[in-house]
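Trainee: Could you take me through one part of this structure slowly, beginning with its charged side-chain pairs and then going on to the elements around them?

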There are 2 protein chains.
Amino acid sequence: MNKQRLLEVHERIKPYIHRTPVLTSQLLNNLCNAEVFFKCENFQKMGAFKMRGATNAILNLSEAKKSKGVVTHSSGNFAQALSLAAKSVGVKAYIVMPENVPQVKKEAVKFYGGIIIECAANAMAREVEAAKIQKETGATFIHPSNDDNVIYGQGTAAIELIENYPDLDYIFTPVGGGGLLAGTILAVNNFSNKCKVIAGEPMKADDAYRSLMSGKIENNDNTNTIADGLRTQLGDRNFPIIKKYIDRIIRVEEDEIINAMKFIWQYMKIIIEPSSAVAFAAVLSHKEVLKNKKIGVILSGGNVDLSNLPF
Amino acid sequence: MNKQRLLEVHERIKPYIHRTPVLTSQLLNNLCNAEVFFKCENFQKMGAFKMRGATNAILNLSEAKKSKGVVTHSSGNFAQALSLAAKSVGVKAYIVMPENVPQVKKEAVKFYGGIIIECAANAMAREVEAAKIQKETGATFIHPSNDDNVIYGQGTAAIELIENYPDLDYIFTPVGGGGLLAGTILAVNNFSNKCKVIAGEPMKADDAYRSLMSGKIENNDNTNTIADGLRTQLGDRNFPIIKKYIDRIIRVEEDEIINAMKFIWQYMKIIIEPSSAVAFAAVLSHKEVLKNKKIGVILSGGNVDLSNLPF
């Protein structure tokens, strides 16, 4: 199932991404009574795994389409990822962002060469604005998570992790829009014969958990979680993959997320964003079940506002 | 000059320490117009290079002395390093700490198995207390920085850095008690034929800079710097080495230290303590002179109080 495509995607994006290191910590292993292997996408270019999917989506465009640019709506890591990936291959990136987004996020996008178009702070406005830009410029719309090329790109992090550690029992990822989770599942299904995929999700934005329960895509009424990268919902390209193959989704409370983040900062001396801590929080909450297992954890990113930390 | 001894020290301590990675950042290279290679001792066991010197000092003791334990006075990284190094070889470590030291530092020492003896918060009291313990227990006193075995141990970080990058033009370290700086100088003199050693020092605790000027060991009247690991002064074992071979000491202001720390946290996604940032702040303050050079920077440690950050 799509093994060849995953390998091709990985080869295609390799010149544009970092092969991120896998780190371990004896202290955290002792804490979990297990062996935990952290795939450090916080060290990825622009600081998150999103660089993988964005790069793949752009490289898959025809030359004619590349010449007209790409457009997305995002105020988070995908905005930066698409900007940098586009710049790397000489393509224009139009980024639709709500006007009330913090200045620091706008500056990050500009830093990577993205062209910002501001819109009113609601879902309707951003879609209208993105459609307008598509029409005016001919740019191709690229969704941050519900796009096959993006999903396959995100799966390459797990390919590398399994290449390094072929005998993992589990891989944990966070779940927000579902791109990383679906890509990880595709990679695991094709490159491991015993590993299972588990996702961590904030209790306060547990749409993916509820979607698994109901069998259809649910959304969040309220997304007041510190894990700001996980406030989005699943889509029709990734949900079928997730529904069919995921082992389970573990929901975690805000204090568990902050604790997990603090453990990683303090003991591993690396900076991860709250969304990344969600996956490790899920491990910690189930450590009895996971005793003596080999566990991969994808640390999805490291972009945090240092002037606004939860400690 | 002592090349054989350095190699022996490195072999002796290898089983007890991490060979820490050397990281680079394209963004920080661009910022400096140079190639900067960060030796990440923040990833060392217990989070600082001090583990190297402490381990060497203990391993050099006779079995008779080992059986009676070791004692030091420190409220910082050396307290933790001596505790962990002692535990690794089954030796008792008595740590004299001022009674007003933050609870978090006491807990770290206990965590690594050190036996804490509290004393009044002044230099006289801690020396009296350490002498008392030596007399009562027969434990060997080990100074955090003014001890040949400690100095040689600290030098092994630079040996590894030069092994990885033999053509460095400069290695920057912070300077506090002088152990890391003197050890780095010994390593550079023996393993490189063109590299020069420069130290960064806080303007607010610039005793080493003034010592170089006057030719004798100076101390600080006031040490109100955020770089809490660098408040100590040089000693008669390390000062002669530093005085003879150092290229220069660059002093930096508090805001330069905080900026350098923030750059590394933000762009490299790793946690370093303010004392480590002093070395990189010195690089940044002289980037015109250092243009196109290959520069090693020893990131000395990563133990920070996350609830009390300067951002």
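Mentor: What follows is a walk from the salt bridges to a helix, a sheet and finally the cysteines. Please keep in mind throughout that this is a predicted model.

Let us begin with the pair in chain A, where the side chains of A:E41 and A:R52 form a salt bridge with an N to O distance of 2.7 Å. The two residues come from distant parts of the chain, since A:E41 sits in the loop between β2 (35–40) and α3 (50–59) of chain A while A:R52 belongs to helix α3, 11 residues apart. Is A:E41 buried or exposed? A:E41 counts as buried because its relative accessibility is 0%, and the cut-off for that word is under 20%. The partner, A:R52, is likewise buried, again with a relative accessible area of 0%. This pair does not stand alone, for A:K39, A:E41, A:R52 and A:E160 are joined in a network of salt bridges.

In chain B, the side chains of B:R52 and B:E41 also meet in a salt bridge, at 2.7 Å from N to O. Here B:R52 lies in helix α3 (residues 50–59) of chain B and B:E41 in the loop between β2 (35–40) and α3, so the salt bridge ties together parts that are 11 residues apart in sequence. Both B:R52 and B:E41 are buried.

Another pair in chain A has a more open setting to consider: A:R248 and A:D247 form a salt bridge at 3.1 Å, N to O. A:R248 counts as partly exposed because its relative accessibility is 29%, and A:D247 is partly exposed as well, with a relative accessible area of 32%. Over all chains, the count of salt bridges comes to 32.

Turning to helix α13 of chain B (residues 254–268), we can ask whether its length fits its residue count. At 1.5 Å a residue, the 15 residues of this helix should span 21 Å, and because the C-alpha atoms at its ends are 21 Å apart, the two values agree. Within α13(B), the buried residues are B:E254, B:I257, B:A260, B:M261, B:I264, B:W265 and B:M268. Seen down the helix axis, these buried residues fall within an arc of 135 degrees, so they line one face of α13(B). The general reason for such a pattern is that an α-helix has 3.6 residues a turn, so residues three or four places apart point the same way. After α13(B) comes B:K269, whose phi is positive, near 60 degrees.

Chain B also holds an open sheet of six strands, in the order β1-β2-β10-β7-β8-β9 and with mixed pairing. Its edge strands are β1 (22–23) and β9 (248–252), each of which pairs on one side only. Inside the sheet, strand β7 (residues 170–174) and strand β8 (residues 196–202) of chain B pair in the parallel sense over five bridges. Among the residues involved, B:I171 has B:V197 in β8(B) as its bridge partner.

Lastly, the cysteines: a search of the whole structure finds zero disulfides over all chains. B:C195 is accordingly in no disulfide, and the nearest cysteine sulfur, that of B:C32, is 16 Å away. B:C195 is buried, because its relative accessible area is 10%, and B:C119 is buried too, with a relative accessible area of 6%.

Note on methods
Residues are numbered from 1 along each chain as its sequence is written. Chains are lettered from A and ligands numbered from 1 in the order in which they are written. This is a predicted model: local features need pLDDT of at least 70, side-chain atom pairs count only at pLDDT 80 or more; totals for chains, interfaces and linings use all residues. Side-chain values use heavy atoms; hydrogens and water are left out. A salt bridge is a side-chain nitrogen of Lys or Arg within 4 Å of a carboxyl oxygen of Asp or Glu. Helices (H or I, at least four residues) and strands (E, at least two) are DSSP runs, numbered from the N terminus. Buried means under 20% relative accessible area, exposed over 50%, partly exposed in between (1.4 Å probe, protein chains only). The expected span of a helix is 1.5 Å times one less than its number of residues. The arc is that of the directions from the helix axis to the C-beta atoms. Two strands pair if DSSP finds at least two bridges between them. A disulfide is a pair of cysteine sulfur atoms within 2.5 Å.
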